[in-house]
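Subject: Structure handover

Hello,

Here is the structure I promised to pass on. Please open it alongside this note.

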Amino acid sequence: MSITTIDWHARAAQLSLDGRAFIGGERRAALAEESFDCISPIDARVLGRVARCQAADVDAAVASARAAFDDGRWARKSPAARKRTLLAFAEKIMAAREELALLETLDMGKPIQFSMSVDVPAAARCVAWYAEAIDKVYGEIAPTGLNALGLIQREAMGVIGAIVPWNYPMIMAAWKLAPALAAGNSVVLKPSEKSPLTALRLAELALAAGLPAGVFNVVPGYGTEAGEALALHPDVDAIGFTGSTRVGRKMLEYASRSNLKRVYNELGGKSAFLVFPDFDDLERCAKTVAASMFFNQGESCNAPSRLLVHESIADDFAKRVAAEAPNYRPANPLDAKTVMGALVDDGQLRTVMGYIDAGHQEGARLLTGGTRALGESGGYYVLPTVFDGVRNDMRIAREEIFGPVLCIIRFKDEAEAIALANDSSYGLQASVWSSHIDRAHRVARALRAGTVHVNQYDEDDITVPFGGYKQSGNGRDKSLHALDKYTELKTTWLRINP
């Protein structure tokens, strides 16, 4: 069915949720029999109750994952066999596309059209890509003398703890799950308490696709309870975490306090979008920065929230960007034509409004937005907001807002643009807009960011790594490089007698 012919409101009203954990191939209530309300940001309705897993539940999930790994029910399957199962999993995801999209939209507030066209297909493609890749990853032979043979092989690490955020629940889960499972690991996934629903459904779909029980477990709950217990667990071999820099620091602390497990953090961002006066299509540039900033309600770690514009074109460019903002006016995410939905919860709404107040207080000039919207709905909506006259030392320019707030910063020349862009504790992404190939390459090389886009933004795909410099984290999701996080390198040195 077409997205526009489906009555999403009616489907939402009929939805029946199972919020129990998924451990050992079955749904289970939390051992303490505690649960919490799952609240939709669309209108603050209670969608259902979700298991409040704690340390004892994490222990059970890790034990299940460890038993599955140790007996080889998944890890000892051939890469080709794992490939077949994961391809079936990807097909199951696409077959459940409408159900998963509805869960994602209800749970975290993104427009249903994007849950359908972006999130579900991206998660399925990620699983399928690693399925196809895993039987094409070869070991190495070291350059030895004639009396030896040095084999270098990748081996599954063991039990992986994956802790994912609420802004792209399915995609972030797939970025962790797919390479970890493809390599032969078992996984315990802790979704955000703000968006646990699709993770639980993914586990059921994986089991139906043939993934052995115990290989993929899901423990919903609060970060300070289930998340901390998972990161501290002595039988977890690695943690793949996506979230805030503040919590990323805790992940490293938990590893040092437990078994020195590997920790791979994908953290915050304050990405710079640099516009030089020689670029020949400022209209496309303005449309791109607005679309990239306001997509997903601005709740993206790689949102281009710092717009650096050469002073000779800044007045005109600021007007162009501000004129785009009304195209992203928030509306009910269940309406098929909505392009900007609700912030994830009341806490995030208050955070975003606090940053808007800080922008006013520090002297930035509001061009558009800056207020709540749809207050009568009971949901959490903010108008797309653009500030001009921002200095790089203002809070709105230095701290990750995670909402639809764009800051325009002016620069005099190329050297100042580079200095401003790099003057950040983050280094996740950046974008350079110039019609001069030398300048584009020169600036891209100078920027301290994990990904630099040139004359576009965020058009890359699963084939390239995603991650950042500095306090944006370590390690990389996506591409074959993600396998580095979930595998051990083993050297086998054989003596060959003459």
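Below is what turned up, taken sheet by sheet and then space by space. Keep in mind that this is a predicted model.

**The seven-stranded sheet**

Start with the open sheet of seven strands. Its order is 14-17-18-13-12-20-21, and the pairing is mixed. Strand 14 (365-368) and strand 21 (451-454) are the edge strands, each pairing on one side only. On average, neighbouring strands in this sheet are turned by 25 degrees against each other, direction ignored.

Inside the sheet, strand 13 (residues 306-310) pairs with strand 18 (residues 405-411). The two are parallel and share five bridges. One pairing to look up: arginine 306 has cysteine 407 of strand 18 as its bridge partner.

Two helices lie across this sheet's strands. Helix 12 (residues 346-361) lies across strand 14, strand 17 (385-388) and strand 18. Helix 12 runs at about 25 degrees to strand 17. Helix 15 (residues 437-446) lies across strand 12 (272-275), strand 20 and strand 21. The angle between helix 15 and strand 20 is about 160 degrees.

**The three-stranded sheet**

A further open sheet has three strands in the order 5-6-23, with antiparallel pairing. Strand 5 (140-141) and strand 23 (487-495) each have a single partner strand, so one side of each is left without a neighbour in the sheet. Strand 6 (residues 148-156) and strand 23 run antiparallel and are joined by nine bridges. Within that pair, alanine 156 stands opposite threonine 487.

**The second largest pocket**

Strand 6 comes up again here. The second largest pocket has a volume of about 420 Å³. Its lining has 18 residues, and Arg82, Arg154, Glu155, Ala156 and Ala183 lie nearest the centre. Helix 2 (55-70), helix 3 (79-95) and strand 6 each give two or more residues to that lining. The largest share, four residues, comes from strand 6. By type, the pocket lining has nine nonpolar, three polar and six charged residues.

**Cavities**

How many cavities of 30 Å³ or more are there? The count is three.

- The largest cavity holds about 90 Å³ of space. It is lined by 15 residues, with Arg306, Ala421, Gln429, Arg448 and Ala449 nearest its centre. Arg306 is the residue that bridges to cysteine 407. Helix 14 (414-422), strand 19 (426-427) and strand 20 (429-433) each supply at least two lining residues. The lining splits into seven nonpolar, four polar and four charged.
- The second largest cavity holds about 70 Å³. Its lining has 13 residues, with Gly298, Ala303, Ser305, Ile401 and Phe402 nearest the centre. Six of the lining residues are nonpolar, five polar and two charged.

**A helix pair**

Last, helix 8 (residues 223-232) and helix 9 (residues 245-257). Their axes come within 8 Å and cross at roughly 45 degrees, which makes helix 8 oblique to helix 9. Glu228, Ala231 and Leu232 of helix 8 meet Met251, Tyr254, Ala255 and Arg257 of helix 9. Which residue types make up this contact? Five are nonpolar, none polar and two charged.

Best wishes

Methods: Residues are numbered from 1 along each chain as its sequence is written. This is a predicted model: local features need pLDDT of at least 70, side-chain atom pairs count only at pLDDT 80 or more; totals for chains, interfaces and linings use all residues. Side-chain values use heavy atoms; hydrogens and water are left out. Axes are lines fitted to C-alpha atoms, for helices over the stretch in contact, and angles run from 0 to 180 degrees between N-to-C directions. Angles under 35 degrees count as roughly parallel, over 145 as roughly antiparallel, 65 to 115 as roughly perpendicular and the rest as oblique. Contact means heavy atoms within 4.5 Å. Ala, Val, Leu, Ile, Met, Phe, Trp, Tyr, Cys and Pro count as nonpolar, Asp, Glu, Lys and Arg as charged, and the others, Gly among them, as polar. On a 1 Å grid over the protein atoms alone, a cavity is a set of points where a 1.4 Å probe fits but cannot get out, and a pocket is an open set with protein on both sides within 12 Å along at least five of seven lines; lining residues have an atom within 4 Å of a point. Grid points are joined across faces, edges and corners, and a volume is the space filled by probe spheres set on the points. Two strands pair if DSSP finds at least two bridges between them.
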